[in-house]
Amino acid sequence: MNTKNTLLRNLPKVDRVLDDIVHSQNSSVPLSLIKSAIREEIESFREHILSGDISELPSTSNEWNRLFENAIKRKNSLNLRRVINGTGIVIHTNLGRSLLGEASITALQTAGACFTNLEFDLSTGKRGSRYSLVEDIICDLTGAEAALVVNNNAAAVLLALNTLSYNRETIVSRGQLVEIGGSFRIPDVMSRSGARMIEVGATNRTHLFDYENSIHEETALLLKVHTSNFRVIGFTSEVPVPDMVSLGKKHNIPVMEDLGSGSLIDLSPWGLPKEPTVQEIVKDGVDVVTFSGDKLLGGPQAGIIVGKKDIISQIKKNPMNRALRIDKFTLASLETVLREYYNLDTALHSIPTLAMLTADPEKVKKKGQRILRRLGGGVKCKGTIALQATTSRVGGGAMPEYGLESWALVLTPGEKGANVLEKSFRNLDVPLILRIENEKMIVDLRTILEQDIPLLIDILGQFLQQRIEK
């Protein structure tokens, strides 16, 4: 058995392999990148030897060269890559959340390739405000008096709290102290904003008198947080928005609601649970509302703030706003998405997130049948790939307890096992991301795009061929 010292001595030297590798590589690959990839690959072997994970090395120079060539290929590839989403999670945070439609892609290309009127008022010939490009549209759609957009919803909450409650008190229900992705908690945001948090009520029940009994001269804001990413069921109650608004008016204290993954459409007619829309909250008289642009809205990452004109004006003047502002790409894509909402029938088809959320399960099933036919039909796929009913998820922290009826291609992995094959799918040039259930691989077809289908058929065809050869 090779000892660690022997293995370490047998590791190739960078200078000795560099010439062979350089000759075999495309001349467009920079020499510095080639050297770096080789060093990193050798160092990886060194670390595995020292940790006891490797007992032998590649035996020939050809085997080493293949490893180095793959390492160079990886290092010379873009880190942000296209993947196929077979998880069935529509708003998948780790896979980029909401997709953008054709109009948004065109707008992004224009914004990147051409000069634009980002902060130039074409009517006066003077400096303008980037926020004016979308503010009127947001107000049209929501019924709000004014609007502002920052780089995400956490930033929107931070900015609003810092403006309205810095060094003063904000009252919030204990049952609404949520944690969002990345262990990011409402109390932490509030602390960073400079607001002093006053918790009222119990985890499961909060009453209007809980808020009123805590109001005094240091109270600057009443905060309501929509718990979109979890549910407390059973013996529960929370204060209705109109009652909080009335309490705020009584004491001349603004009311703010963080909707999180705010929606401009009531999706309940398509079988999804009823969620409050931004329009409904604005109509209830809430002074300031914050929500995400890249969740149920179906747009780019953004935090949208709407509300009363005097309050939004204060928020706009906060110096922190410059650090949180959005760029021309976000503005370009957000405007196109927002304009789709002027015609709801169009929006349901042209905004990919809405199209996937409201997709008819029968159409999803037909997509799977079409793929199976192109793979050779039932005889070739029998025992290896099957079309079965499954459940998709909304994702993005929205409607966590609700499943969408869907269909999936279920892959039986064979001797290698699901985990090994799942890893191999992740290592493809265009990775296929799926989920594993009961030692089988589930490719949920709800989130498989039409442009994904040819690639998916190639991937599944190779998978079938390997199973047949076994």
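Helix axes that make an angle under 35 degrees count as roughly parallel. In this predicted model, helix α6 and helix α14 pack at an angle of about 25°, and the two helices are therefore roughly parallel to each other. A second topic is the aromatic side chains, where the count comes to three aromatic pairs.

**Packing of α6 and α14**

- Helix α6 spans residues 132–142 and helix α14 spans residues 328–340.
- The axes of α6 and α14 lie 10 Å apart.
- The crossing in which α6 passes α14 is left-handed.
- On the α6 side, the contact is made by Leu 133, Val 134, Ile 137, Ile 138 and Leu 141.
- These residues meet Leu 331, Glu 335, Leu 338 and Arg 339 of α14.
- By class, seven residues in the contact of α6 with α14 are nonpolar and two are charged, while none is polar.
- The charged residues are Glu 335 and Arg 339, both of which belong to α14.

**Aromatic pairs and cluster**

- The model holds three aromatic pairs.
- One of them joins Trp 64 and Phe 68, whose rings are stacked, with 5.7 Å from centre to centre and 20° between the planes.
- Trp 64 and Phe 68 are about one helical turn apart, because they lie four residues from each other in helix α4 (residues 61–75).
- Trp 64 is buried, and so is Phe 68.
- Together with Phe 45, Trp 64 and Phe 68 make up one aromatic cluster.

Definitions and conventions: Residues are numbered from 1 along each chain as its sequence is written. This is a predicted model: local features need pLDDT of at least 70, side-chain atom pairs count only at pLDDT 80 or more; totals for chains, interfaces and linings use all residues. Side-chain values use heavy atoms; hydrogens and water are left out. Rings of Phe, Tyr and Trp (its six-membered ring) pair if their centres lie within 6.5 Å; planes under 30 degrees apart count as stacked, over 60 as edge-to-face and the rest as tilted. Buried means under 20% relative accessible area, exposed over 50%, partly exposed in between (1.4 Å probe, protein chains only). Axes are lines fitted to C-alpha atoms, for helices over the stretch in contact, and angles run from 0 to 180 degrees between N-to-C directions. Angles under 35 degrees count as roughly parallel, over 145 as roughly antiparallel, 65 to 115 as roughly perpendicular and the rest as oblique. A crossing is left-handed if the near helix is turned anticlockwise from the far one by less than a right angle, and right-handed if clockwise. Contact means heavy atoms within 4.5 Å.
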